Amino acid sequence: MPAIAAQPDYSPQISAFVARDPRLLIDGAWRSSSHATTLPVVDPSSKREIGALVDSSSTDVDGAVAAARRAFDDGRWTGLPPSTRERLLHRLADLLEDHAEEFATLEAIDTGKPRAMAGAVDIPGAIRHFRYMAGWPSKLTGDHVDPSAQPGGKYHGYVRREALGVAALIVPWNFPLLMAAAKLAPALAAGCTMILKPAEQTSLTALRFGDLVLEAGLPAGVVNIVTGRGDGAGDLLVRHPDVDKVAFTGSTNVGKIITRAAADTLKRVTLELGGKSPMLVMADMDVESAVVGAANGIFYNSGQVCIASSRLYAHRSIFDHVVEGVAGLAERRRLGPSLVEGSEMGPLVSSRQQERVMTYIEGARQQGASIATGGNAAGDLGFYVEPTVLVDVKPDMTVMREEVFGPVLCATRFDDLDDVVRHANDTDYGLGASIWTRDLATMHGVAARIKAGLVWGNCHSVTDPSIPAGGFKQSGIGREHGLEGLLNYTQTKSVLIAL
């Protein structure tokens, strides 16, 4: 594999931003923390510490929650005409478009993903969420109900959809701005106020977005941003008595911790959690299409995708061709720093994540899996792992059962359709799955039998702001995106009036 280049110097504008004093957005203003504790900002492409962010204290979190509580209770957001909330959501999207190149660069630096990828996927995706949800405030209505057990005309019954209240939005490090937008946009459209807590590894775009919140003119306290560790600021938000809802995207283990903690105050919780998504390739499928789909499904974003196609099941008649093709694409994939033009796959987000992925690969070796390609850490300047294809994997191997969250594909052959569906469903997860076939009857039949919240046909990882997304089993609770995602930020009130 060719030597991996060094990360180029940042532009003066970007350098100035990452060097800003660590601050928090609370009640419509940037504020210093109540204490001096900070966390480092590290560029995964260079392993270099480039800045610092606040590790929020309980006083900081209390201040942010209090600001959101006041902003909700006094009606400064819910009391606005729906058309005004729509306009402000569009204004946020406009500002993101105006600064798209800057946001793409910051996202690339913070996560390690190629800037071209952030510019083509992350930033446009965030904008689309705001645009889509901007259409909902004036269209979110209730229902008139004629009571079924009362005399006609004696009672007037109706159902209202009301904003849930103060929401804590806790987002992951793999798609920081995109995941934040997927929560911010519906919460704002529904009329909630909120505290956004980005992942401690990747807070730059959330903080820069805070500038846009102020520039757009949202009322003070509607959007607050606190940074810090998940077991610090995140845990404080989950347990806070004045937080009405928690929306979290991240690992299943942390989702379970949040569920237990939120139960003390019976908070509403939506969780988008881990996955071990199967990709089923039938004998009639065009091999070239399947190869490209499998490679993109697992190596995209360095495999740090909850819906990554990490388990490949290909029919015995084409298995060798598919594996050979995926291995070939893996070997040709250009690893490189986030800001180097032509980089196709960046480093993992941190040294901890690199060590985690390498532990899974070594464990697979020890349990008897063979490596068709890859299997090593790469380069000395960043947290790189080679795109890896494992064969001779067995259903009970750790690498087949647990979420690796890295560029590691487990490939296995099958003969019988019923058998492969059973293996695909033999997991604690149920987030995504894809079916590759030219036979529509097989496509629809298998889709109905797969236990996952997202099922794709002849594609993988395609999402849209209008399509509900979420998991079965231990992959989550509730849905994001679409009307269903919006309704998760509302509660139902029934009104019955004697006439």
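This report covers charged side chains and one small sheet in a predicted model.

**Salt bridges**

The whole structure holds 26 salt bridges. Three of them are set out below, each with its N to O distance.

| Basic residue | Acidic residue | N to O distance | Separation in sequence |
|---|---|---|---|
| Arg229 | Asp55 | 3.1 Å | 174 residues |
| Arg131 | Asp94 | 2.6 Å | 37 residues |
| Lys183 | Glu480 | 2.8 Å | 297 residues |

Take Arg229 and Asp55, whose side chains meet in a salt bridge. This pair links distant parts of the chain. Arg229 sits in the loop between β9 (223–225) and α8 (230–239). Asp55 sits in the loop between β4 (48–54) and α2 (58–73). Arg229 is partly exposed, at a relative accessible area of 31%. Asp55 is buried, at 7% relative accessibility.

Arg131 and Asp94 also meet through their side chains in a salt bridge. Here the pair joins two helices: Arg131 belongs to α5 (residues 115–134), and Asp94 belongs to α3 (residues 82–98). Arg131 is partly exposed, with a relative accessible area of 27%. Asp94 is partly exposed too, at 28% relative accessibility.

Lys183 and Glu480 form another salt bridge. Lys183 lies in helix α6 (residues 176–190), while Glu480 lies in the loop between β21 (476–477) and α16 (482–487). Are these two partners buried or exposed? Lys183 is buried, because its relative accessible area is 0% and the cut-off for buried is under 20%. Glu480 is buried as well, with 9% relative accessibility.

Salt bridges can also share partners. Arg20, Glu102, Arg208 and Asp211 are joined into one network in this way.

**Two acids in helix α4**

Glu102, a member of that network, is found in helix α4. Glu102 is buried, with a relative accessible area of 9%. Its contacts, leaving aside neighbours within four places in sequence, are Gln13, Ile14 and Arg208. Arg208 is also in the salt-bridge network with Glu102.

Asp110 lies in helix α4 (residues 100–111) as well. Asp110 is buried yet has no salt bridge. How far away is the nearest side chain of opposite charge? That side chain is Lys113, 10 Å away. A salt bridge needs the side-chain nitrogen within 4 Å of a carboxyl oxygen, so Lys113 at 10 Å does not make one with Asp110.

What does the side chain of Asp110 reach instead? It reaches the backbone nitrogen of Leu204 at 3.0 Å. Leu204 is also among the residues in contact with Asp110 beyond four places in sequence. That list includes the run Gln201, Thr202, Ser203 and Leu204. Val41, Val42 and Pro44 are in contact with Asp110 too, as is Val349.

**A three-stranded sheet**

An open sheet is formed by 3 strands, in the order β5-β6-β22. The pairing is antiparallel. β5 (143–145) and β22 (490–498) stand at the edges. Each has a single partner strand, so one side of each is left without a neighbour in the sheet. From one strand to the next, the twist averages 25°.

How many bridges join β5 to β6? There are 3, and β6 spans residues 155–163. These two strands run antiparallel. Within the pairing, Val145 stands opposite Gly157 in β6.

Methods: Residues numbered from 1 in each chain as written. Predicted model: local features only at pLDDT ≥ 70, side-chain atom pairs only at ≥ 80, totals over all residues. Heavy atoms only, no water. Helix = DSSP H or I, 4+ residues; strand = E, 2+ residues; numbered from the N terminus. Buried < 20%, exposed > 50% of the residue type's maximum accessible area, 1.4 Å probe, protein only. Pairing = 2+ DSSP bridges. Axes fitted to C-alpha atoms, helices over the stretch in contact; angles between N-to-C directions. Lys, Arg positive; Asp, Glu negative; His and termini not counted. Polar contact = N/O pair within 3.5 Å; in protein donor to acceptor, adjacent residues only side chain to side chain. Contact = heavy atoms within 4.5 Å.
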